[in-house]
Amino acid sequence: MLTAMKIHGAIDTEGRCKHWHSPLDVVANKCATCREYFACALCHAELTEHEFGPMLVDAPSVLCGACRTEMNYHAYSAAPACPHCGHKFNPGCSAHAGIYFQLDR
């Protein structure tokens with residue numbers, strides 16, 4: 001059974017948004033400032049009045065939109081797919097890791 005965690009900015013049940021909506025775009029990221037999940041940083045900018053706060057790499061901060069599994073940066077970045085349901089993630093998302101995670105800590 002799926003958990004009812006809301007993905008702000010999502011236009012479908014798997015968390016895709018108007019900015020990123022390929023079959024692989026099913027990852028939502030948590031903002032450290034408001035502690036909510038967003039489909040992407042662009043959605044966050046449109047829906048809030050504050051900057052996206054990057055999360056610590058050890059904190060639960062990534063949500064698989066396909067199965068709602070939460071993971072930290074290490075679990076998310078270690079594999080090209082969700083460790084729970086196997087849904088593949090967009091490899092291009094790694095280019096934006098610095099927006100979502102405090103990689104220098």
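**Cysteines, burial and a sheet**

Visitor: Why is there no bond between the sulfur of Cys-85 and that of Cys-67?

Guide: In this predicted model, the sulfur of Cys-85 has its closest cysteine sulfur in Cys-67, 3.7 Å away. A disulfide needs the two sulfur atoms within 2.5 Å, so this pair is too far for a bond.

Visitor: How many disulfides does a search of the whole structure find?

Guide: The search finds zero. Take Cys-64: the nearest cysteine sulfur belongs to Cys-82 and lies 3.8 Å away, and Cys-64 is in no disulfide.

Visitor: What makes Cys-64 count as buried or exposed?

Guide: Its relative accessible area decides that. Cys-64 has 0%, and buried means under 20%, so Cys-64 is buried.

Visitor: And why is Cys-85 called partly exposed?

Guide: Cys-85 has a relative accessible area of 37%. Partly exposed is the range between under 20% and over 50%, so Cys-85 belongs there.

Visitor: Now the sheet: in which order do the five strands stand?

Guide: The order is E1-E3-E2-E5-E6, in an open sheet with mixed pairing. Strands E1 (7–8) and E6 (70–71) each have a single partner strand, so they stand at the edges, with one side left without a neighbour in the sheet.

Visitor: How do you know that E1 pairs with E3?

Guide: Pairing takes at least two bridges. Two bridges join E1 to E3 (residues 37–38), so the two strands pair, and they run parallel. Across this pair, His-8 stands opposite Phe-38 in E3.

Visitor: Which residues does the UniProt annotation "domain: CHY-type" cover?

Guide: According to the unreviewed UniProt entry, residues 10–87. That span is 17% helix and 17% strand, and its end C-alpha atoms lie 17 Å apart.

Definitions and conventions:
Residues numbered from 1 in each chain as written. Predicted model: local features only at pLDDT ≥ 70, side-chain atom pairs only at ≥ 80, totals over all residues. Heavy atoms only, no water. Helix = DSSP H or I, 4+ residues; strand = E, 2+ residues; numbered from the N terminus. Buried < 20%, exposed > 50% of the residue type's maximum accessible area, 1.4 Å probe, protein only. UniProt positions renumbered as here; feature names shortened; annotations may be inferred.
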